[in-house]
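Let's take a walk through a protein model together, one piece at a time. Have the 3D view ready so you can turn it as you read.

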Amino acid sequence: MSQRRELIEFERGEIIGLWKGGHSERNIGEILGHPKSTIHDTITRYKNSGQITASSRSGRPLKLTERNVRQLVRTLKEDRQQSLEEMTKKFSESLSISVSSNTIKRTLHSEGFFGRAGKRKPFVSEANRKKRLEWCRERRDWDDEWNFIIWSDESRFMIFQNDAHHWVWRKPHEKYDVDCLIPTVKSGNQGVMVWGCFAKDKIGPLIQVSGSINASVYMGILENTFLPFYNSLENNSQYIFQDDNAPVHRARTVKQWKEDNSIIDFPWPAQSPDLNPIEHLWDVLERRVREHKPHPKNIEELMVILEEEWNKIEPEILTNLVESLPRRVQAVLDSHGNPTRY
């Protein structure tokens, strides 16, 4: 059983004020959210002594005052990624007192802050935060419309991946708060670059992309890989095509190719991988490649395994991902355009 938190003087005053106002102990507990025994003990102490202050206790006094604790929390929030030693030094210097790292750690734990691995999420600029928010407001009532989008993206897969964690100080519910996230950037590491797409009820092709992707290369992907998949869809004229705002995707020649082939573009907000369900499909693919036996030993073997596992992805996974779009949109609205858990 967890130890009950000591009420501060203001909270005890609330209890006595409600009691004097004619509220029952049970009603006071419901209003303030304190256990009935706490309510009863506070009122009984007041009846006996006429005071609301807590009884003095023997033992070592607290090292930090309530004001000190508030200052410590402010110090923590200035940089969620600072080490315990850095925080202790900064806090001690700000108040000209000597406090040990153990005292700082115990105090932070009592306030609900613990060191946790920060979640990696792409950086979102202020301008793009507003665009994401507006994009989601326009589509917050969509339902069947999500069923007629072809989702696409490029992704790089590595034989060896760096999984190093970056630690942050946070409370349990702050996992996806902006200042507790670790921004990610595009990696320039060597590996296999692939392009793929899918619709709600059908997995699309997956191909390796060699070298850099320019407008000419991307048009070749659309012409030789995307278009046959698009033509294979029933009632394909109802579908619209999603790709992100990479410069090659918005090149003039690419736009002209789409117009010539009656491909309707889906407007897309920048820095929004959490709105594209294919990002989770990449996660599924990577997990399956990691679990594949034997492991790939070179780039050629990695590509073979990628194609094999991609084509084994179950239709139910595709359906579930597309059906998650209303929740993704709502999550962006709830976060005011900032990165979400998706």
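Keep in mind that this is a predicted model. Let's start with charges: the model has 13 salt bridges. One of them pairs K200 with E323, and their closest N and O atoms are 3.7 Å apart. Where do these two residues sit? K200 is in the loop between β6 and β7, while E323 belongs to helix α12 (residues 315-323), so this salt bridge ties together parts that lie 123 residues apart in sequence.

That loop is a good doorway into the sheet. The link from β6 to β7 is a hairpin, and it runs through two residues. On either side of the hairpin, β6 and β7 pair up in the antiparallel sense, with five bridges between them. If you'd like one spot to look at, find F198, which stands opposite I203 in β7.

Now zoom out a bit. How many strands form the sheet, and in what order? There are four, arranged β7-β6-β3-β8 in an open sheet with mixed pairing. The edges belong to β7 (202-208) and β8 (240-242); each has a single partner strand, so one side of each is left without a neighbour in the sheet. On average, neighbouring strands here are turned by 20° against each other, if you ignore direction.

Moving inward, strand β3 (residues 149-157) pairs with strand β6 (residues 192-199), again in the antiparallel sense, and this time over seven bridges. Here you can look for E154, whose bridge partner in β6 is W195. The sheet has company, too: helix α11 (residues 299-310) packs on it and touches β3, β6 and β7. The direction of α11 makes about 170° with that of β7.

Our last stop is a pair of helices. In general, two packed helices are described by the angle between their axes and the distance between the axes. Take helix α4 (residues 66-78) and helix α5 (residues 84-95): their axes come within 10 Å and cross at roughly 130°. That angle makes α4 oblique to α5, and the crossing is right-handed. Which residues make the contact? From α4 come N68, Q71, L72, T75, L76 and E78, and from α5 come M87, K90, F91, S94 and L95. Sort the residues of this contact by type and you get five nonpolar, four polar and two charged.

Key: Residues are numbered from 1 along each chain as its sequence is written. This is a predicted model: local features need pLDDT of at least 70, side-chain atom pairs count only at pLDDT 80 or more; totals for chains, interfaces and linings use all residues. Side-chain values use heavy atoms; hydrogens and water are left out. Axes are lines fitted to C-alpha atoms, for helices over the stretch in contact, and angles run from 0 to 180 degrees between N-to-C directions. Angles under 35 degrees count as roughly parallel, over 145 as roughly antiparallel, 65 to 115 as roughly perpendicular and the rest as oblique. A crossing is left-handed if the near helix is turned anticlockwise from the far one by less than a right angle, and right-handed if clockwise. Contact means heavy atoms within 4.5 Å. Ala, Val, Leu, Ile, Met, Phe, Trp, Tyr, Cys and Pro count as nonpolar, Asp, Glu, Lys and Arg as charged, and the others, Gly among them, as polar. Two strands pair if DSSP finds at least two bridges between them. A salt bridge is a side-chain nitrogen of Lys or Arg within 4 Å of a carboxyl oxygen of Asp or Glu.
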